[in-house]
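Reader: I would like a close look at one part of this model, namely how a pair of its helices pack against each other. Please then set that part beside other places in the chain, with the reasoning spelled out wherever a conclusion depends on a cut-off.

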Amino acid sequence: MSKKIMELLTAFRIYWKKPPQGRYMPYREIASYSLGSMGGRIIVFCVTNMIISVGNVLIGNTIGIDPLPLYVIYIISVLASIPLTALRAKMIDNTRSMKGKYRPYILSMGIPTVLLACGFVWMPYERMSLVVKCIVVLAFNIGFQFFYQFYNDSYSSIINVLSPNTYERSDVISIKSIVENLSPSIINIIIPIAARMITGENTIYDLKVYRFVYPPIIIAGFLLSLLIYTNTKEKIVQAKTHALRIKFTDALRMIAQNKYFWVISFASWIGFLESSFTNILGWLYNYQDAATAAQYSLIVTITGNASLWPFIFSPFLIRKFGKRKLMIFSNALNILCIAMMLPIVRHTGSPRIIWFLVIVYFVNQFFTSLSNVLNTGINGDIRDYQQYKTGIRTDGIFVSVALIGSVVNLATSSVLPAIYERAGLNQTVAKSLGFDGSNVYDVLYNREYFISICSVLVMASVAGAFLNLVPYFFYDLTEIKQKGMVKVLKIRAMFDDYANNVLTDEQIVEGVELIKEAKEYACKEKAPVSKDCIRAARKTHDKVKIKEAKEQYKNILRDNEIIATSKYVLDELERFETERGKADLETARRIIEMGPEKAVSEFNITMRRAKSMPKHTEEEKELRKNTIRLVRDVKAAKKCIAKYYKDGAVEFDSAAFSALCEKEYELRVEISELYKQIKEAKNTNDKAKAEKLSEKLKQLRAENNSVQKQIKKASDENSVYYRAAKPYLDAKRLVAQSENYTHLDQILSLYDGAAQRIKEKASANKGV
């Protein structure tokens with residue numbers, strides 16, 4: 001055991017600042033991301049309780065807004081979020097910051113989120129009429145729709161750009177989830193005890209509780225989340241000269257090709273009733289006195305602890321079964337767990353009944369947490385797929401399509417208020433039971449209505465969970481496929497940067513090794529996977545043989561994976577030699593000969609003709625799909641030319657643009673190195689050197705800001721020109737890519753020199 005501990009400590013020392021071989025995140029970055037996520041989760045936990053929804057207990061039970069008016073302001077809130085969501089998406093996709101796509105917004109959006117959250121709970125709702133309450137809550141929520149949602153997007157989505165390795169992402173998500181799960185567990189322990197101390201009663205829905213507990217923990221959570229801002233680095237696999245400001249409608253067209261995104265989106269849209277039961281445990285404590293404050297603190301600790309175990313085991317389960325199988329399995333068992341709640345809630349009033357519900361909640365939370373980990377990993381994979389299919393990295397595009405989800409939610413969110421109303425959670429029933437009707441949730445004090453309402457909610461949740469499960473049978477993006485796609489993205493970036501003379505030694509070495517590996521393994525056959533050799537070795541009780549058998553088994557799995565992913569690399573290198581590739585090139589060359597304007601004005605393929613193309617084979621299907629897409633691009637280009645280029649399209653100067661991008665990259669490298677030198681100077685108390693370097697840093701940052709402004713202006717011009725000349729530009733890019741691939745021998749010849757320079761640099765750094 002001591003040997004294992006020493007090996008672990010040695011690994012931490014070696015990989016604290018540099019990642020292990022084949023990985024992208026050093027341990028320091030993983031630790032910062034995980035601890036920072038703990039702070040982010042605190043903010044999410046608290047602010048989620050302030051976001052308008054039909055089942056919101058803070059807005060409904062505590063502030064006292066009935067389900068019907070709550071639904072009305074929910075609709076207004078969703079409609080108000082549409083332009084804000086589009087703005088967030090555009091800002092993310094078009095961010096050009098040294099800190100990346102997401103990191104800057106953890107700071108800039110976190111501060112207003114904290115101010116809004118603290119202000120929300122301290123508003124004097126007790127002195128407001130129902131109408132004023134609705135207006136105030138709505139106003140805060142419009143602010144949350146932009147600032148909080150932006151912060152939440154940044155904090156939760158940054159993992160997708162911290163590593164392109166799907167297994168590493170899953171591992172880090174699991175570690176992060178274990179750490180961040182402490183946040184709600186701690187808060188759930190504090191609240192019931194704090195509520196008892198503040199109010200003297202077993203109520204967790206008193207406004208005083210929120211006022212005195214939420215602000216300090218929200219501020220602490222924000223400060224902790226800054227670890228992500230300061231100690232992580234985004235790593236996106238794309239060419240350095242990749243810079244395109246993407247129009248919202250263009251982003252929507254791009255994502256239309258991503259079938260996997262629609263699968264998981266559809267699952268969430270039709271499974272909207274799955275979480276209907278979530279308030280029952282709190283209601284049982286608050287309205288039926290099923291437990292004391294101390295007991296309820298223990299209960300929320302137990303149920304919260306259920307999330308820990310899937311986080312621990314998910315990396316191993318993902319490697320063993322894959323995300324798709326696990327998602328189907330966990331959702332299927334979740335249906336069973338929810339159904340088991342029905343006989344329990346129907347025995348409300350029986351001694352210790354809450355503890356039976358706790359057991360089922362625990363199991364349900366286990367599978368729900370596993371699904372959450374899987375969903376986070378799946379979202380990272382589908383972003384890689386998006387880039388693989390379109391050639392453009394557009395993370396904000398997925399925020400854009402949340403608008404569709406908002407519209408769907410508008411149509412479905414009326415179902416739960418209707419269920420509440422029909423089950424008896426309404427003013428009429430409240431008055432008939434002797435209450436004044438000011439808070440319809442008083443109905444839950446009546447045991448008969450409590451059982452009736454909760455039973456209906458459980459049945460609704462079962463239906464929602466089943467609908468959520470079905471779409472995942474159509475999800476087939478495996479971990480092997482994702483790895484193959486990332487390898488292709490690296491190859492594409494290498495060739496693009498070679499053509500633009502910005503190729504680094506690291507890119508040369510990694511890209512060439514991927515190609516050599518693919519050529520070596522492509523001709524091999526997959527070996528049968530069996531643990532028979534391990535079982536046979538165990539019978540001998542020989543530790544050496546057992547270790548060798550396990551190593552052999554791992555090597556078979558590794559080789560089979562390389563064989564599978566090598567196909568993607570070779571298909572990419574040879575794609576212009578296939579019939580479809582030749583046909584695409586022929587069309588592209590014809591468009592280039594016509595020029596950007598004639599390619600649009602004289603294009604003679606109709607949508608009807610494109611859709612009538614044969615689709616019997618995969619090649620034919622892909623060719624037909626590309627032609628349909630080309631027809632749509634031509635139609636969009638005609639509109640853009642008519643709007644922006646009435647005197648004729650002016651071709652964008654891509655050479656000047658590439659020069660700006662190269663200059664920006666050089667400045668970023670210099671600035672990054674200066675930060676290190678300044679830190680070293682401060683550590684050695686060399687104030688003169690630190691001041692001199694700081695002055696130089698100031699100049700470089702000013703120069704970098706100037707270059708970024710020029711890039712932004714050029715990017716805007718490029719964006720318009722891109723839409724107006726998209727058929728022509730896509731054709732040029734395709735032909736250029738095919739020509740770039742002919743330079744493989746030149747890149748291969750650079751390998752030895754690049755490898756030697758990397759080795760010398762590593763030796764020099766080690767010596768320092």
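Author: In this predicted model, helix H29 and helix H32 pass each other in a right-handed crossing. Helix H29 covers residues 579-594 and helix H32 covers residues 618-644, and their axes lie 9 Å apart at an angle of about 20 degrees. Because angles under 35 degrees count as roughly parallel, H29 is to be described as roughly parallel to H32. On the H29 side the contact is formed by Glu579, Arg580, Ala583, Asp584, Thr587 and Ile591, and on the H32 side by Glu619, Glu622, Leu623, Asn626 and Leu630. An α-helix has 3.6 residues a turn, so residues three or four places apart point the same way.

Two further residues belong in the picture of H32. Cys640, which falls within the span 618-644, is buried, with a relative accessible area of 7%. Asp633, also within that span, is touched by Lys726, which in addition touches Tyr721, if residues up to four places away in sequence are not counted. Lys726 itself is placed in helix H35, which runs over residues 726-740. Its relative accessibility is 18%, and because buried means under 20%, Lys726 counts as buried. From Lys726 to Ile328, which is 398 residues away along the chain, the separation between C-alpha atoms is 40 Å.

A second helix pair offers a useful counterpart. Helix H14 (residues 280-288) and helix H19 (residues 353-390) have axes that come within 11 Å and cross at roughly 160 degrees. Since angles over 145 degrees count as roughly antiparallel, H14 is roughly antiparallel to H19. The crossing in this case is left-handed. Ile280, Leu281 and Leu284 of H14 meet Ile354, Leu357, Val358 and Tyr361 of H19.

The surroundings of H14 can be followed further. Nine of the nine residues of H14 are buried, so this helix is largely enclosed by the rest of the structure; among them are Trp283, Tyr285 and Tyr287. The partners against which these buried residues pack are helix H3 (57-62), helix H15 (293-305), helix H18 (341-345), H19, helix H22 (415-423) and helix H24 (447-469). After H14 comes Asp289, which has a positive phi, near 50 degrees.

One residue in an earlier helix also reaches into H19. Ser174 sits in helix H9 (residues 166-180) and counts as buried, at 2% relative accessibility. Leaving aside residues up to four places away in sequence, Ser174 touches Phe311, Ser314, Pro315 and Val373, and Val373 falls within the residue range of H19, 353-390.

Cysteines deserve a separate word. Cys134, like Cys640 in H32, is buried; the relative accessible area is 10% for Cys134 and 7% for Cys640. A search of the whole structure nevertheless finds zero disulfides.

Finally, confidence should accompany any close reading. The average pLDDT over the chain is 82, and 91% of the residues score at least 70. Helix H20 (residues 397-400) has the lowest confidence in the chain, with a mean of 64, whereas helix H6 (residues 110-121) has the highest, at 93. Where pLDDT is low, the predicted coordinates should not be read in detail.

Technical notes:
Residues numbered from 1 in each chain as written. Predicted model: local features only at pLDDT ≥ 70, side-chain atom pairs only at ≥ 80, totals over all residues. Heavy atoms only, no water. Disulfide = S-S within 2.5 Å. Buried < 20%, exposed > 50% of the residue type's maximum accessible area, 1.4 Å probe, protein only. Helix = DSSP H or I, 4+ residues; strand = E, 2+ residues; numbered from the N terminus. Contact = heavy atoms within 4.5 Å. pLDDT = per-residue confidence, 0-100. Axes fitted to C-alpha atoms, helices over the stretch in contact; angles between N-to-C directions. Parallel < 35°, antiparallel > 145°, perpendicular 65-115°, else oblique. Left-handed = near helix turned anticlockwise from the far one by under 90°.
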